[in-house]
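Please open the model in a viewer and keep the sequence panel at hand. The stops below are given in the order in which they may be selected.

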Amino acid sequence: MSEKSERLLKIYSRLKRGPVTIEVIKNWAKTNDIKVSERTFYRDLKDLESSLMMDGERIVVSEGEKNKKTWKIEYNGSQNKLTEFDINSYLLFRNFMPLPVVLSRQQSLDNIESLFYATYSKSRFEDFVTVAENQIVGSHFYEVADMVSYNKVLEDSIWSIQNKREMRIKNIAFDYTSISSEVAFPLTLMPLQLLYHRGVVHLAGFAVVNDNFKLIILGLDQIKKYKLTNKMFQNQKLLDLLKENW
C-alpha cells in the first residue's frame with residue numbers, strides 16, 4: 001500500500017469518529033506522527049470527498065464563518081433512535097468524569113461518540129458536542145474519590161439551561177462559594193452552565209441584584225427548594241458576560 005493510500009485510510013477512520021476541520025486534522029496528525037503539509041491534507045480530503053464509494057455513506061462539506069470548512073461523513077442507514085436524555089447522559093458522563101479516568105479510557109469514549117455520531121449524522125450530532133463545550137464543563141481541580149449525583153436537580157438544571165428558562169431558587173442549605181451578603185433568597189436565576197469543580201457539580205448563572213447582573217454559583221446539593229418556570233431569557237449576552245467573569 002502506498003504512503004498516500006495508507007494516509008487516506010487513516011483520515012477516513014478519523015472521519016468515522018466525527019466531523020473535522022483542517023485544524024482538527026492537523027492536531028490529530030501530530031498525535032499520530034503524520035507529517036505532511038496543510039495543503040496535502042486539503043488534497044487528501046478533496047480526494048476522499050470525490051472518491052468515497054462506501055455503501056450508505058457520503059462525505060459532506062460545509063462552510064462556516066470566514067469560509068472555514070468542515071468535513072463529515074453522513075450515513076444513510078441510521079435507524080437507531082436516541083432520546084435527548086440519552087445524549088445528555090453521555091455528555092454528563094464524558095465531562096464530569098475525573099481526568100485520570102477520561103485519559104485512561106479515551107478509546108472507549110471515542111467508540112461511544114462514534115456510535116452517537118453515526119446515529120445522528122444527519123441531525124448534526126456535532127452541534128450537541130459544541131453546546132456541551134459551553135454548558136457542561138469540568139475543571140478537574142481538586143478531584144475527590146466519590147461524586148454524588150442529584151438526578152432531579154441535575155436534570156431540571158439541564159432543562160432550564162437548554163430551554164433558556166428562569167429558575168426560582170427558594171432556599172439553599174449552605175455556601176460553597178462565598179455568596180455575597182447582598183444576595184438574598186429567594187431569587188430568580190438565569191442558569192447558563194453546569195460546572196464540575198472541586199468534586200462538586202455547580203449550577204452557574206446570573207440573577208439581577210440591586211439592578212445589576214450578579215454571577216451566582218451554587219452546588220447542586222446546596223439547592224434545597226426551587227421551582228422551574230416557563231419564563232424565557234436571552235442567554236447570548238449573559239454567556240459573554242460569564243466568560244468575562246471566569
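Which residues does Lys 69 touch, not counting residues up to four places away in sequence? In this predicted model, select Lys 69 and display its surroundings: the residues in contact are Val 20, Thr 21, Ile 22, Val 61, Ser 62 and Glu 63. Lys 69 itself lies in strand 2 and is partly exposed, with a relative accessible area of 35%. Add a distance label from Lys 69 to Thr 21: the two are 48 residues apart in sequence, yet their C-alpha atoms are 6.0 Å apart in space.

**The whole chain**

Next, return to the full view and colour by secondary structure, which comes to 9 helices and 8 strands. Of the 246 residues in the chain, 39% are buried. Among contacts with a separation of 6 or more, 64% join residues 24 or more positions apart.

**Helix 2**

Select residues 22-31, which form helix 2. Ile 22, Ile 25, Trp 28 and Ala 29 are buried here. Turn the view to look down the helix axis: these buried residues fall within an arc of 125°, so they line one face of the helix. On the other side of helix 2, Lys 30 and Thr 31 are exposed. To see what the buried residues pack against, add helix 1 (3-17), helix 3 (38-51) and strand 2 (69-75).

**Helix 1 against helix 2**

Now keep helix 1 and helix 2 alone in view. Two packed helices are described by the angle between their axes and the distance between the axes. For this pair, the axes come within 12 Å and cross at roughly 120°, and the crossing is right-handed. Show the side chains of Lys 10, Ile 11, Arg 14 and Arg 17 in helix 1, which meet Val 24, Ile 25 and Trp 28 in helix 2. Sorted by class, this contact has 4 nonpolar, no polar and 3 charged residues.

**The nonpolar cores**

In soluble globular proteins, nonpolar side chains tend to be buried together. The largest nonpolar core has 28 residues, and Ile 169, Leu 194, Leu 203, Leu 220 and Ile 223 have the most contacts inside it. Elements giving two or more residues to this core include helix 4 (84-96), helix 8 (151-163), strand 4 (165-172) and strand 8 (223-232). Helix 4 provides the largest share, 5 residues.

Which residues is Ile 223 in contact with, leaving aside its neighbours within four places in sequence? Centre on Ile 223 to find Val 153, Ile 169, Asn 171, Ile 172, Leu 203 and Leu 218. A second, separate core of 17 residues can be selected afterwards; Tyr 12, Val 20, Ala 29 and Ile 73 are among its members.

**Backbone details in the loops**

Three loop positions complete the tour. Begin in the loop between helix 2 and helix 3, where Asp 33 is found. Asp 33 has a positive phi of about 55° although it is not a glycine, and it is exposed, with a relative accessible area of 57%.

Move on to Lys 164, in the loop between helix 8 and strand 4. Lys 164 is likewise not a glycine and has a positive phi of about 55°; its relative accessible area of 28% makes it partly exposed.

Finally, select Pro 186 in the loop between strand 4 and strand 5. The peptide bond leading from Phe 185 to Pro 186 is cis, with omega near 5°.

Note on methods
Residues are numbered from 1 along each chain as its sequence is written. This is a predicted model: local features need pLDDT of at least 70, side-chain atom pairs count only at pLDDT 80 or more; totals for chains, interfaces and linings use all residues. Side-chain values use heavy atoms; hydrogens and water are left out. Buried means under 20% relative accessible area, exposed over 50%, partly exposed in between (1.4 Å probe, protein chains only). Helices (H or I, at least four residues) and strands (E, at least two) are DSSP runs, numbered from the N terminus. The arc is that of the directions from the helix axis to the C-beta atoms. Contact means heavy atoms within 4.5 Å. A nonpolar core is a set of buried Ala, Val, Leu, Ile, Met, Phe, Trp, Tyr and Cys residues joined through side-chain atoms within 4.5 Å. Axes are lines fitted to C-alpha atoms, for helices over the stretch in contact, and angles run from 0 to 180 degrees between N-to-C directions. A crossing is left-handed if the near helix is turned anticlockwise from the far one by less than a right angle, and right-handed if clockwise. Ala, Val, Leu, Ile, Met, Phe, Trp, Tyr, Cys and Pro count as nonpolar, Asp, Glu, Lys and Arg as charged, and the others, Gly among them, as polar.
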